[in-house]
Amino acid sequence: MLALAVFLAAASAWLLLPQGSRSKGAQRRRQRVPTGAPTLASMAESATARGCLCAAGGGFLGQLLGGPVAAAGGAAAGAALSVWIGHLEPPSVARAREEIDGDLPLAVELLAACASVGRSPQDVLPVVGRAVGGPLSERLAEATARLSLGADPVAEWTRLSHDDQLGELGRTLLRSAEHGAPLAEGLARLAEDRRRERRTTTQLRARSVGVKAAGPLAACFLPAFMLIGVVPTVAGSFQQLFG
């Protein structure tokens, strides 16, 4: 019964995996393996790790349940665990988002410097993309490729304005293209705002480190204090009282 529960959990996890996760397994194995201990989010990028984790969780629940409901419980647990892991953000996506947030102020400043000497954004966007590099360069390369093929800059800035991270840049370029707003001033103001937001986010994360460290510290210190300080005292008192 336990073997059946593990099998059903693994099958449920495998069936719930996105098709892209199965077909791109070899491509992901060729990518650089991230350092550090694996997390549930990193397992979401690997079909094999995700399937094994869901099978282990389903098999463990089946072992706890036992009886005729072990198979059904293990399959349900494997499916639920697979869905939950699938909604976690992969570490590669989080790292790319962090790099884009860090490189965007520099890219906007370079665009502002080029605009101040009369260069159009569509002309200098490839140069800026190569200068900053990283994931931001790849995102800008998409717009650069469409512009090089003759796409309308207004339509491209409109498309960029709907981006989660580059939306403000797209709206600034769009206002300049449609309404003639000063581009260099708008880009310089945007770069300053993004740097201020970056500093605020960094400060908030630094302040939260102490709060996050308090939990593990309390979990280790309080039991040790109880076992070393309180328990011997109480035991000694009872021994003197009843001895």
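The exercises below, each with a worked solution, concern a predicted model of a protein.

**Exercise 1. Overall composition**

Task: State how many helices and strands the protein has, and describe its burial and its surface.

Solution. Begin with the secondary structure: the protein has twelve helices and zero strands. Read from the N terminus, the order of elements is therefore α-α-α-α-α-α-α-α-α-α-α-α.

Next, consider burial. A residue is called buried when its relative accessible area is under 20%. Such residues make up 28% of the 243 residues.

Then turn to the surface. About 15,000 Å² is exposed, and carbon and sulfur atoms supply 64% of this area.

Finally, examine the contacts. Among contacts with a separation of 6 or more, 63% are between residues 24 or more positions apart.

**Exercise 2. The span and the buried side of helix H8**

Task: Determine what span helix H8 should have, and where its buried residues lie around the axis.

Solution. Helix H8 covers residues 121–132, which is twelve residues. The expected span is 1.5 Å times one less than the number of residues. For H8 this gives 16 Å, and the end C-alpha atoms are 15 Å apart, which agrees.

The second step is to list the buried residues of H8: Pro121, Val124, Leu125, Val128, Gly129 and Val132. They cover an arc of only 155° around the axis, which puts them on the same side of H8. A general rule helps here: an α-helix has 3.6 residues a turn, so residues three or four places apart point the same way.

The third step is to identify the packing partners. The buried residues of H8 pack against H7 (91–116), H9 (134–148), H10 (153–161), H11 (167–179) and H12. Just after H8, glycine 133 takes a positive phi of about 65°.

**Exercise 3. Salt bridges of helix H12**

Task: The structure holds eleven salt bridges. Explain which parts of the chain are tied together by the pair arginine 205 and glutamate 98, and by the pair arginine 194 and aspartate 101.

Solution. Take first the side chains of arginine 205 and glutamate 98, which meet in a salt bridge at 2.7 Å, N to O. Arginine 205 lies in helix H12 and glutamate 98 in helix H7, so this pair ties together parts 107 residues apart in sequence. Arginine 205 counts as partly exposed at 45% relative accessibility, and glutamate 98 counts as partly exposed at 23%.

Next, the closest N and O atoms of arginine 194 and aspartate 101 are 3.6 Å apart, and the two residues form a salt bridge. Because arginine 194 belongs to H12 and aspartate 101 to H7, the pair ties together parts 93 residues apart in sequence. At 14% relative accessibility, arginine 194 counts as buried.

For a pair within one helix, consider arginine 196 and aspartate 193, whose side chains meet at 3.0 Å, N to O. Both lie in H12, three residues apart, about one turn of the helix. Arginine 196 is partly exposed at 37%, as is aspartate 193 at 28%. Salt bridges that share partners also join Glu98, Arg198 and Arg205 into one network.

**Exercise 4. A nonpolar surface patch**

Task: Name the residues that make the nonpolar surface patch, and decide whether leucine 217 is buried or exposed.

Solution. The patch, of about 870 Å², is made by Leu217, Phe221, Leu222, Phe225, Met226, Leu227, Ile228 and Val231. Leucine 217 is found in helix H12, which covers residues 183–242. The cut-off for an exposed residue is a relative accessible area over 50%. Leucine 217 has 57%, and therefore it is exposed.

Definitions and conventions
Residues numbered from 1 in each chain as written. Predicted model: local features only at pLDDT ≥ 70, side-chain atom pairs only at ≥ 80, totals over all residues. Heavy atoms only, no water. Patch = residues over 30% accessible without salt bridge, like charges linked within 9 Å, V, L, I, M, F, W, Y side chains within 5 Å. Areas by Shrake-Rupley, 256 points an atom, 1.4 Å probe, with all protein chains shown as cover. Salt bridge = Lys/Arg side-chain N within 4 Å of Asp/Glu carboxyl O. Helix = DSSP H or I, 4+ residues; strand = E, 2+ residues; numbered from the N terminus. Buried < 20%, exposed > 50% of the residue type's maximum accessible area, 1.4 Å probe, protein only. Contact = heavy atoms within 4.5 Å. Arc of directions from axis to C-beta.
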